[in-house]
Structure formats: C-alpha cells, structure tokens
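Reader: I would like a close look at a single part of this model, with its surroundings described in connected prose. Please take the nonpolar interior as the part.

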Amino acid sequence: GAKAKNLDRILHSILIEACLTSRSWAGAVFMCNPAGELESRASLPIEHHSTRHMGEGPVGICAATQKPAIVDRISEADQPTVHPESKSCLAVPLLDDGRTCGALYVESDRHNAFTADDARILETLAVQAVIAMHTIESYRGLERERSRAEALSLVAKGIQNSAFSLDLVLHIILTGITAGESLGFSRAMIFERPEGGNVMRGRSAVGEISRERACAAWEGIGARTVAQALETAKFHFETGAASDNPLMRIVREMEIPLEPSSGAVAECVLSRTMPYRILEAGQEDSFRGQLEKVTESGHTVPFACIPLVGRKENLGVLVVDNRFQPEEWMPLSPEMIGRVAAYAELAAMSIEASRLLDKTQTQTYVDLAHQLHTPIFKAFRYCDELIAKFPLESAEPGSQFRGLKASIDNAIH
C-alpha cells in the first residue's frame, strides 16, 4: 500500500546516505518477514529483490548475532552479493528493543574497504531506519483504528432501518466483522438462544466452508470498501444468495445444548461474567469437533466466542475465526476480540429489540381482540333477537339475519 511505499522510499534514502558515508558502490536494506527470513526492501545501484537466511552470510550472521559483520575479502561463503564484482562488505543489524528486525548492508569494489568507524556510522543510520519503521507503523495503526471505527459506525447506521428483518440486520453485522477494511475475520457466526431456552440454534453466518470457495470469494471481492461490502450484503440477502451460502445452511441446522459438555460456546452463554473465550489452535472442544464434521474447520485454527449479553440473560453467542487466511494459525489477540465485542453488543440489542417488537405486536393483537369481543357478541345476540321476529325460514329478513349470524359465528371460532 501507500504506507509501504513511503517506508521503502525512506529506507532507500537511508541506504544512499550509508553508501555515501562509507564510500560504497552497492548495498541493500533487509527486513525480517513473518517466516523469519531477511527480505530486501531497498537496494543500490539497482532495485533488486533478494532474500537472506538468518545466520547465513554476512547479512544473516549480523542479524543472528546482533553485531556488525565486516568481510575484508568476499569469498564463496559470503555470496550472493548485491553487485557481482564486490570485493568487501559490511552489515549492521536493525535492532528494535533488543529484537532483530533487519539489517543495513553495503559493499565496496575494494578489498579491506570497511573499518569499525564505518560500522559505527552505519549503526547510527540503522537507528534512523528503525525510527522510520516505527513512525510508519504508528501511522498505519492510527489508520487501521480510524478505518475500524468508521466501519462500526457504518454498520450501526446501516441497521437502523425499521423495515429490515432481524435476519438482514444480523447479516449486515457479520459482514461488518468480516470486511477487509474493518476487522477482516474470514468467518463469523451467530447462535441464538430462545428466551429461557436450554438449546442454541444457528441463526446467521458469513464465510465459506472450503479453501477453494474462500479464495474464489476473496478474489471476487477485491479491494472493496466497508460501505460497498454492506451494500453487497444487502443485495445478496434480498436475492436469497446469503441464505444459499453453504456455511449459512450448515450453521442454521446446528443445535448446541446449553451444558458444559457443549464446549466454549455454551460456557460463554451460561456464564454472565465471561466477556469472551478464545480457543487456541489444537485445543479440544466440542463445538470445534461439531464444526469440523461439516466444514473444513481446521483443528489448528483458533477461534473466539463472545456472548450476546441481554438484560436478563445471555441471548446467544458470536463466533469468529480466520480459517483459510494465509496466517490462520496465528493466535487471536484479546485486543482484537475486544473490538468484536462491539459488534456482539449490536447483535444483542437487535435481537432484544426484535423480540420486544414481536411481544408488542402480539399484545396489540390481544388487546384488539378483546376490544372487538364485546361488540361482536352484542351483534351476535342482536341477530338472535331479530331472527326470533322472523321465525319462518322463507322470511326474507330472517334469512339475511341467519346468514349474518353464521358469518359472525365463523369469525368468532
């Protein structure tokens, strides 16, 4: 993204300064990737992407030992070099609070070109590189938080339409959780507990059941904003595509008894003090086993469950995971699950509001029936009085009153 390009430009400027001060003709800045390898982020004299292994060659050795590595005469063991004709090199580690995060590396066309003074100068520039990384990462963090706050606001506004059904509202909420510019979880599911019930049933889900389907879905989505994702979610719901989703169908067929043996999701609902529960990769759990039977759930994928807290009791549970993502095995942080809790609150409020509306409508019908009861029965008795005045079946008025009485009787019963 733009911020990565900004960091690359800063690192490129630092590398130019390193080459000038050390009289070098080539060099590179390496950064550690998630796999623990060192990848070049900037290089001179030409841009050239390369990778070094920790502990191997001057770059890998300085990163592993966290000490400068000076090579007076480059040998076969010091290959590959940035420039094929380089004769000596110098590498210093990029250190962040005692942790190696990369290396600053330069080469010369002369033997014995580098001294300890050169190493000290490059170490100063390495500190500048680390500061630049922190600055960009801090800005990225602020941007992520702003984007997530905006996403939550869009979802909260998007579910305010009184014409929306509860199922559509929950679908919008789950879409907000899985949107890339929001929290970016790959799957989100809601299991609802009927009022006073002891069994939860699947109510809604967003995500896929196989890696193939997930990759196809993500390719189709592309770089979509949260607003676009929510509009697409509404369209899919209205056209029936959301209900036809395999994960949605599977979740809606699932029933989870509210007892300790049902695992983490049941424990979340049974407890009124548990804010969330995170199941790490490999932890045995009844719900995980149940999900694995019907989807490519993955025993090595952590998941989290957050209770839907109602005024009198927990109304269900929200479950999220990162199944099928490249780093699906990564632990789920309490900080991230805390952000999911805001969506769980929206879901809980929506469920309670829907139940209250249903009760209000039912009470309205009861009150209306009670109000109509007295005049209807008065009309029924009045028909009897009028029929008594025209006892003969053939009498026209009597026949009409008998028909009216029969209609009232059908309406009552």
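Author: A nonpolar core is here a set of buried Ala, Val, Leu, Ile, Met, Phe, Trp, Tyr and Cys residues that are joined through side-chain atoms within 4.5 Å. The model is a predicted one. Its largest nonpolar core has 38 residues, and those touching the most other members are Ile173, Ile177, Phe185 and Leu308. Two or more residues each come from helix H3 (116–158), helix H4 (166–178), strand E7 (187–192), helix H6 (226–239), strand E11 (303–309), strand E12 (314–321) and helix H11 (334–389). H11 gives the largest share, nine residues.

Isoleucine 173 can be followed outward. Setting aside residues up to four places away in sequence, Ile173 touches Val155, Ile159, Tyr343, Leu346, Ala347 and Ser350. Another core lies apart from the one just described; it has 27 residues, including Leu7, Leu44, Val92 and Leu122.

Two of the helices that contribute to the largest core, H4 and H6, also pack against each other. Their axes are 9 Å apart, at an angle of about 145°, and the crossing is right-handed. On the H4 side the contact is made by Asp167, Leu168, His171, Ile172, Thr175 and Gly176, and on the H6 side by Ala229, Leu230, Ala233, Lys234 and Phe237. By type, the residues of this contact are six nonpolar, three polar and two charged.

Next comes the sheet. It is open, has six strands in the order E3-E2-E1-E6-E5-E4, and pairs antiparallel. Strand E3 (51–52) and E4 are the edge strands, each pairing on one side only. E4 and E5 run antiparallel and are joined by three bridges; valine 71 stands opposite cysteine 89 in E5.

Two helices lie across strands of this sheet. Helix H2 (residues 57–65) lies across strand E1 (26–32), strand E2 (38–44), E3, E4, E5 and strand E6 (99–108), and runs at about 30° to E5. H3 lies across E1, E4, E5 and E6, at about 40° to E5. H3 is also among the elements that give two or more residues to the largest core.

One loop residue completes the picture. Histidine 83 sits in the loop between strand E4 (69–71) and strand E5 (88–96). Histidine 83 counts as buried because its relative accessible area is 18%, and buried means under 20%. Apart from neighbours within four places in sequence, histidine 83 is in contact with Trp25, Ala26, Pro45 and Glu107.

Notes. Residues numbered from 1 in each chain as written. Predicted model: local features only at pLDDT ≥ 70, side-chain atom pairs only at ≥ 80, totals over all residues. Heavy atoms only, no water. Buried < 20%, exposed > 50% of the residue type's maximum accessible area, 1.4 Å probe, protein only. Helix = DSSP H or I, 4+ residues; strand = E, 2+ residues; numbered from the N terminus. Contact = heavy atoms within 4.5 Å. Axes fitted to C-alpha atoms, helices over the stretch in contact; angles between N-to-C directions. Left-handed = near helix turned anticlockwise from the far one by under 90°. Nonpolar A, V, L, I, M, F, W, Y, C, P; charged D, E, K, R; others polar. Pairing = 2+ DSSP bridges.
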